[in-house]
Amino acid sequence: MASLLCRIQSRWGRGVNQSGTAEATVGSPPLDEAGFFVGPTAGPALKEGAAMSDGQETRGKAGPPERVFIYDTTLRDGCQAERINFSVEDKLHLARLLDDWGVAYIEGGWPNETSPRDREFFERARDIEWRTARLCAFGSTRRAGTRVEDDAGLHALVAAGAPAVAIFGKSWPLHVEAVLRTTLDENLRMIEESLRFLKGQGLEVIFDAEHFYDGYKADSEYALETLRAAAAGGADWLVLCDTNGGSMPHEVYDITALVAEEFSLPLGVHCHNDSGLAVANSLMAVRAGASMVQGTINGYGERTGNADLCTIV
């Protein structure tokens, strides 16, 4: 925990003064008067509870966005790294630091029935006034053959009380058929119906297209169909995931640019580091049109980790 905080402070160059408020220090990134990151790789968090699609600029063409939103998943994906096991107190403390530094989204965990720690985190986080960040609960689409009204996972996301949720869905036919053991059409229904249910609860909904780049290379039309299903369900964001971490920067750029040409919804990127390219791939996705970068502090994460937000910011 201590080494994590030291790395954050040394890389992002922000401290806390004696009054408990954040202050910029030497080496910090450019900040505006409100304390938000400014420049080509970061931007202010959403305010007044608005989703990105509510009055914010959307894209319908490839090319670098004017502003990038930083989405931190240290408290969820980062917890999957070896020898990392945050307590609820650890997660609350880190979330306050991330909020103080201007992160736009903080993914607090997966509040399902097997994770009492994450359920407690969200319960206690409701009483905190967050300065810049929107808390986000993570989960999956409904189960195959289950109605959204009966799906415990979706109801747990709503019960978490976070203003935003991120749900992942399969975009690679191999995983739909071999892992979910369902049909391609049912998977599309799972995505669209799950998002529509969550949007009906008044939430901002971020769709993480799991294994998207691998799925696109295997079956581009089906991968795009999963994004269309998410858009039809009311997604606020479409996040393209390099879940295996094996894509090359030129592939990420080309595929992201093609997606940006078709969809007017804002795009995000979520990269793993199995080939040592998570940061490079994230930056290439931004160059192609993504306006959200998901990652973790120090690149912590399962296997070889995620995109390192310290490097990206």
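1. Accessible area here comes from the Shrake-Rupley method with a 1.4 Å probe. On that basis, the protein chain in this predicted model has an accessible surface of about 12,800 Å², and carbon and sulfur atoms hold 49% of it.

2. Now the overall layout. The chain has 313 residues, and 56% of them count as buried. Its secondary structure adds up to eleven helices and ten strands. If you take the contacts between residues at least 6 apart in sequence, 77% of them join residues at least 24 apart.

3. Have a look at the inside next. The largest nonpolar core has 70 residues, and Leu 198, Phe 207, Phe 212, Leu 227, Leu 238 and Val 259 are the ones with the most contacts inside it. Helix H8, residues 220-232, is the top contributor to this core, giving six residues. There's also a second, separate core of 14 residues, with Tyr 105, Ala 164, Trp 237 and Cys 241 among them.

4. Helix H9 is a good place to pause. H9 runs over residues 249-262, and at 1.5 Å a residue its 14 residues should span 20 Å; the end C-alpha atoms are 20 Å apart, so the two agree. Its buried residues are Val 252, Ile 255, Thr 256, Ala 257, Val 259 and Ala 260. What covers them? Among the elements doing so are helices H7 (212-218), H8 and H10 (278-288), plus strands E8 (237-242) and E9 (267-271).

5. Val 259 ties points 3 and 4 together, being one of the buried residues of H9 and one of those with the most contacts inside the largest core. Setting aside neighbours within four places in sequence, Val 259 touches Phe 212, Leu 224, Leu 227, Leu 240 and Leu 267.

6. On cysteines: how many disulfides are there? The count is zero. Take Cys 241: its closest cysteine sulfur is in Cys 271, 8.4 Å away, and that is too far for a bond because a disulfide needs the sulfurs within 2.5 Å. Cys 241 counts as buried, at 5% relative accessibility. Cys 136 is buried too, with a relative accessible area of 0%.

7. Finally, Lys 170, which sits in strand E6 (residues 164-170). Is Lys 170 buried or exposed? At 10% relative accessibility it counts as buried, since the cut-off is under 20%. Its side chain makes a polar contact of 2.7 Å with the side chain of Glu 210. Beyond neighbours within four places in sequence, Lys 170 is in contact with His 175, Val 176, Val 179, Leu 180, Asn 187, Ile 191, Glu 210 and Thr 226.

Definitions and conventions: Residues numbered from 1 in each chain as written. Predicted model: local features only at pLDDT ≥ 70, side-chain atom pairs only at ≥ 80, totals over all residues. Heavy atoms only, no water. Core = buried A, V, L, I, M, F, W, Y, C linked by side-chain atoms within 4.5 Å. Buried < 20%, exposed > 50% of the residue type's maximum accessible area, 1.4 Å probe, protein only. Helix = DSSP H or I, 4+ residues; strand = E, 2+ residues; numbered from the N terminus. Contact = heavy atoms within 4.5 Å. Expected span 1.5 Å × (residues − 1). Polar contact = N/O pair within 3.5 Å; in protein donor to acceptor, adjacent residues only side chain to side chain.
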